[in-house]
Amino acid sequence: MTYPICRGCGTQYAESRTDCPVCLDERQYVPRSGQRWTSLKELQAEGHGGRFEEQGPGVTGIGVSPEFSIGQRALLLRTSAGNVLWDCVPYLDDEMVRRVEELGGIDHIAISHPHFYSAMVEWAHAFDAPVHLHEADREWVGRPDPAVRFWSGRSMQLTDELTLINPGVHFPGSAVLHWSAGDGALFTGDVINVGPDLRWVSIMYSFPNHVPEQPQKVRLAADVLAGFRFDRLYGAWWDRVITTGAEEVLSRSVERYLRFERGE
Ligand SMILES: [Zn+2]
Ligand SMILES: [Zn+2]
């Protein structure tokens, strides 16, 4: 069975289709070159491979090289309660499986929002790991599978040290992951996007189309995150990691956003 993968956003689907709902949605876009499809096999034949780089203490970045679709990288967290893959990429091959096994494999997969669901079921099967998604985004699952588990509410304790939190921005079921070890770290994908100078973050309804998120939702997200302590914040891209003072970055970024909203 060949599962089609959208070349625009990297989402893998259970069956062939003409359109990609994720790309048709206003939070993504259909490329000007049109809707095109590929498959894992085809991507492997094109010479893609894995890119592995340390991104912080106990955190390995795993991306695709050459870059494909959105170009995000996933993060493998090596915690005292096992390994967790945060977010996912639309590609996997035997060499990548071997390297991840060397790092201890994967016990859980958790994903921030539908733009990074990508090839999650391939990863789940390769490592025999459940995928944790928020039930509010259930409609965006392109390839339903028993490995996919839905959580609900504002937060879900994944392990002693790891909590999934639903700030409800960008997508209703968006998730960020809090790791309490050390000074604490927050993993946000682009639900909370890290700016180029690493001194600001931004929260948008649609990044590609520059549509701001509703102010009351940004306010609620800040409230939901207020109880969590973290010094580092890992965004969706290789060069977007805030290595210290991240809690302060988030609060002053939200403050700036709400100041603009009030016209000040
Ligand atoms: Zn797509
Ligand atoms: Zn997104």
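How many helices and strands are there in the protein? There are 6 helices and 19 strands, where helices (H or I, at least four residues) and strands (E, at least two) are DSSP runs numbered from the N terminus. Before going on, a bit of bookkeeping: this is a predicted model, in which local features need pLDDT of at least 70, side-chain atom pairs count only at pLDDT 80 or more, and totals for chains, interfaces and linings use all residues. Residues are numbered from 1 along each chain as its sequence is written, chains are lettered from A and ligands numbered from 1 in the order in which they are written, and side-chain values use heavy atoms, with hydrogens and water left out.

Let's start with the overall shape. The radius of gyration is 18 Å, close to the 18 Å that the globule rule gives for 264 residues, so the protein is as compact as a globular protein of that length. Here the radius is taken over C-alpha atoms, and the rule is 2.2 Å times the number of residues to the power 0.38. If you want a bounding box, the C-alpha atoms fill one of roughly 55 × 45 × 35 Å along the principal axes.

Of the 264 residues, 57% count as buried; that label means under 20% relative accessible area, while exposed means over 50% and partly exposed is in between (1.4 Å probe, protein chains only). Look at contacts (heavy atoms within 4.5 Å) between residues at least 6 apart in sequence, and 55% of them join residues at least 24 apart. The accessible surface comes to about 11,400 Å², of which 48% belongs to carbon and sulfur atoms; areas come from the Shrake-Rupley method with a 1.4 Å probe, and for residues only the protein chains shown count as cover.

As for charge, you'll find 25 positive and 36 negative side chains, with the centres of the two sets 4 Å apart. Lys and Arg count as positive and Asp and Glu as negative, leaving out His and the chain ends; each charge is placed at NZ of Lys, CZ of Arg, CG of Asp or CD of Glu.

Now for the metal. The zinc ion (ligand 2) has H113 (NE2), H115 (ND1) and H170 (NE2) as its protein donors, lying 2.2 Å from it. Donors are N, O and S atoms within 2.8 Å of the metal (3.2 Å for Na, K and Ca), and water is not among the atoms, so sites may look incomplete. Along the chain, the zinc donors follow the spacing H-x1-H-x54-H. H115 sits in the loop between β7 (108-110) and α4 (120-127) and H170 in the loop between β11 (162-165) and β12 (176-179), so this pair ties together parts that are 55 residues apart in sequence. Both H115 and H170 are buried.

Strands β11 and β12 turn up again around helix α5 (residues 215-225). P215, V218, A221, V224 and L225 of that helix are buried, and their cover includes β11, β12, β13 (185-189) and α6 (246-261). In the loop between β12 and β13 you can pick out S180, which is partly exposed at a relative accessible area of 38%. S180 touches D160 and E161, not counting residues up to four places away in sequence.

Next, some backbone details. The peptide bond from S65 to P66 is cis, with omega near -10°, and P66 is in the loop between β4 (59-65) and β5 (74-79). That loop also holds S69, whose phi is near 50°, a positive value in a residue other than glycine. S69 is partly exposed, with a relative accessible area of 24%.

H210 has a positive phi too, of about 50°, although it is not a glycine. Its loop runs between β16 (204-206) and β17 (211-212), and H210 is exposed, with a relative accessible area of 62%. N209 lies in the loop between β16 and β17 as well and is partly exposed at 38% relative accessibility. N209 touches E26 and Q28, not counting residues up to four places away in sequence. The C-alpha atoms of N209 and P31 are separated by 12 Å, with these positions 178 residues apart along the chain numbering.

Finally, Y29 belongs to the loop between α1 (21-24) and β2 (37-38). With 43% relative accessibility it counts as partly exposed, and Y29 touches C23 and P208, not counting residues up to four places away in sequence.
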